[in-house]
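User: Please give a close account of one disulfide in this model and of the strands that carry it. I should then like to see how the rest of the fold is put together around strand pairing, nonpolar cores and further disulfides.

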Amino acid sequence: MNCIFILLCLLQIVYSSVDQNKHAQSAKDLQIQNYPMPKGYCWRITFYISRKLLSGTSNYITVQLINDETRVFSNRLPCSDKCERGSQPSFYFCTPQIDPVKEVKLNETVKHFWNGLTSVWRLESIDLMNLNTSANYRCTLDNPDADEKGCKLNPTGYCWRIKFYISRKLLSGTSNYITVQLINDETRVFSNRLSCAKKCKRGSQPSFYFCTPQIDPVKELQLNETVKNFWKGFVSGWTLESIDLMNLNTSAEYRCTLDYPGAEKKGCKLNPAGYCWRITFYISSNYFSGTSNYFTVQLINDETRVFSKKLSCAKKCKRGSQPSFDFCTPQIDPVKELKLNETVKNFFKKFTSGWRLESINLMNLNTSATYSCTFSNPGADEKGCKLNPKVIAM
């Protein structure tokens, strides 16, 4: 009798423990659902170090990623036993979201005095990969021995985000594989195979990321669907209503609506959902010709005018330089005139900066249309000019 009583007590203890674990796990799951992970990007950076003697380093490195609007920083990365001469070490880090990235700078922290004298860290080139979007960048350092290491990043292709708007009708989703084909007058490029499993349900708006060789502009999109199995071919109609496409390198956006959502061959002509631009300033080499102020670009034609966001010239618009800025606006076509609205950062800058601007190039990243203009009075407070289309010789 005592044995039975003891056995019942043990069973009660085991049941209580299992029940508590179940409630703890449910609470943990609920906490995860209520407090999602913060948004940001994770990166892999690879250094290509010279094979010359004493070219490595064991110091700490902080990576700084920059675009026209903001800059973000990595945590401190230790180079000890990794950054040896002739090596190609890789480091992983995460930052707040920044898109696109145009420049990278490295801040080196000397571990101790002796390392500062025996290490010069000759860095020849850098590869950077966005682990969230698969965007790849590369740059070569003009002066590998420079104390301040940094370079402009060039995309090694284009990365994209595509978003499908699927009908809410019954059997409109799919779990098949999709390949995206981007087309213009000269070439066509293909994505890797994307899986719709558990994502492309009826009424959903799933997004996918992929990279392709560089293509600019994009005029047409086609989707190649691969049926996973024979049964799926009959139970899935995949009624696709519209598509959004974004270039993660240039921020150019496209949109299209399918004339026949239920067609087996899915494709459409892409229309820019606005225009993205690259403006390049040619600044005089005279003293005090640069600026660190903010400015806004105003594009004008006979019918309308559109404005860029506020762009910062800090550390970019130096005398004799040719800085470039990317921005997007509502669609305007053609562009006939350009004006710059400058915002003085502080009272002292107004007297030490003249910003003598000699000429401007403007490129439409969606259509490749290019314009240029020359200023008759580079030092004028109100900067603007009539734009002349540039004809590219074939």
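Analyst: In this predicted model, C211 is partly exposed, because its relative accessible area of 27% falls between the 20% limit for buried and the 50% limit for exposed. Its partner is C159, and the two sulfur atoms of this disulfide are 1.9 Å apart. The link is right-handed, with 90° about the S-S bond. C159 belongs to strand 11 and C211 to strand 15, so the disulfide ties together parts that are 52 residues apart in sequence. In contrast to the partly exposed C211, C159 is buried, at a relative accessible area of 3%.

The backbone also brings these two cysteines together. Strand 11, residues 158-166, runs antiparallel to strand 15, residues 207-212, and six bridges join them. Within that pairing, C159 has C211 as its bridge partner. Strand 11 has a further pairing, with strand 17 (residues 240-247), again antiparallel and over seven bridges. There, I162 stands opposite L245. As a general point, side chains in a regular strand alternate between the two faces of the sheet.

Other disulfides complete this part of the picture, the count for the model being nine. One of them joins C139 to C151, with an S to S distance of 1.9 Å. This pair links strand 8, which holds C139, to strand 9 (residues 149-152), which holds C151, across 12 residues. C139 and C151 are each buried. Another disulfide is formed by C196 and C200, whose sulfur atoms are 1.9 Å apart. Its S-S torsion is about -60°, so this link is left-handed, whereas that of C159 and C211 is right-handed. C196 and C200 are likewise buried.

Strand 2 offers a second example of strand pairing. Six of its seven residues, 60-66, are buried, so the strand is largely enclosed by the rest of the structure. Strand 2 is joined to strand 6 (residues 103-109) by seven bridges in the antiparallel sense, and I61 stands opposite E108 there. Two bridges join strand 2 to strand 4 (residues 77-78), also antiparallel, with L77 as the bridge partner of I61. With strand 3 (residues 71-73), strand 2 shares three antiparallel bridges and forms a hairpin that has four residues between the strands. In this hairpin, I66 has R71 as its bridge partner.

The largest nonpolar core has 31 residues, and W43, I45, F47, L65, V104, L106 and I126 touch the most other members. Strands 1, 2, 5, 6, 7 and 8 each give two or more residues to this core, and strand 1 gives the most, with five. Domain 1 (41-155) and domain 2 (158-272) both contribute, so the core lies between them. Beyond its neighbours within four places in sequence, L65 is in contact with ten residues that include W43, R71, F93, V104 and L128. Apart from this core lies another, of 30 residues, among them F164, L221, L240 and Y254.

A contrast to these buried regions is Y287, in the loop between strand 21 (275-283) and strand 22 (294-300). Y287 is exposed, since its relative accessible area is 67%. From C-alpha to C-alpha, Y287 is 9.8 Å from K318, although 31 residues separate them in sequence.

Key: Residues numbered from 1 in each chain as written. Predicted model: local features only at pLDDT ≥ 70, side-chain atom pairs only at ≥ 80, totals over all residues. Heavy atoms only, no water. Pairing = 2+ DSSP bridges. Buried < 20%, exposed > 50% of the residue type's maximum accessible area, 1.4 Å probe, protein only. Core = buried A, V, L, I, M, F, W, Y, C linked by side-chain atoms within 4.5 Å. Domains from an automatic or database assignment. Contact = heavy atoms within 4.5 Å. Disulfide = S-S within 2.5 Å.
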